[in-house]
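Let's take a walk through this one, starting from a single side chain and working outwards. Have the viewer ready.

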Amino acid sequence: EKYLFGAFLFFSILLPGVFFGHFYQKQSQIIHQKLRVVGVGPVFVSVVRVAVMSLVLCFFGFFLYFTGLLLTKYGTYNLVYRDAGIFGKLILFCVAAAGLFHGIYGIAKSKKLGTIASLWLVLFSFFLSVPSLRLRFC
């Protein structure tokens, strides 16, 4: 049960990354050019994008972890361990996932291509994380 909940948590944290394509639309590029005129550079814009994506991913991760804790404590399920270091690990994973999505969308140069690449990444990682599916594809 714990492994499947961990795989579900992993998948649920990565899934919202498919919807971050709106940060990379044409209107966003026009705003980016206007910010560059004012003096805000591309590094700062990238840091803000990764920070916003990380906050969204952390929200989903913490919500699901606390849901797992409640189901473990009050239900008959044994889904998660109580771990004091999980918050740092979740934050680090969410920042890394946000950086990965920023890289994918930045390389793709279009919202549609970046969304498709992100969806393939999420689905591929999900298939690799579930043991019964891994045997069929590897």
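Start by centring on phenylalanine 101. Leaving aside residues up to four places away in sequence, Phe101 touches Leu14, Gly17, Met53, Ser118, Leu121 and Val122. Keep in mind that what you're looking at is a predicted model.

Now zoom out to the largest nonpolar core, which has 25 residues. Phe101 is among the members that touch the most others, and two of its contacts, Met53 and Val122, are on that list too, along with Ile13, Phe20, Leu57 and Leu90. Which elements give two or more residues to this core? They are α1 (2–14), α3 (42–74) and α4 (86–108). The largest share comes from α4, with 7 residues.

Next, turn to how α1 and α3 sit against each other. Their axes are 9 Å apart and the packing angle is about 155 degrees. Angles over 145 degrees count as roughly antiparallel, so that is how α1 and α3 run relative to each other. The crossing of α1 past α3 is right-handed. On the α1 side, Phe5, Phe8, Leu9, Ser12 and Ile13 make the contacts; facing them from α3 are Leu57, Phe60, Gly61, Leu64, Tyr65 and Gly68. You'll recognise Ile13 and Leu57 from the core list above.

And how far does the predictor trust all this? The chain has a mean pLDDT of 80, with 90% of its residues at 70 or more. Confidence is highest in α4, at a mean of 88, and α4 is also the element with the largest share of the core. At the other end is helix α6 (residues 131–137), where confidence is lowest, at a mean of 55.

Terms used
Residues numbered from 1 in each chain as written. Heavy atoms only, no water. Core = buried A, V, L, I, M, F, W, Y, C linked by side-chain atoms within 4.5 Å. Buried < 20%, exposed > 50% of the residue type's maximum accessible area, 1.4 Å probe, protein only. Helix = DSSP H or I, 4+ residues; strand = E, 2+ residues; numbered from the N terminus. Contact = heavy atoms within 4.5 Å. pLDDT = per-residue confidence, 0-100. Axes fitted to C-alpha atoms, helices over the stretch in contact; angles between N-to-C directions. Parallel < 35°, antiparallel > 145°, perpendicular 65-115°, else oblique. Left-handed = near helix turned anticlockwise from the far one by under 90°.
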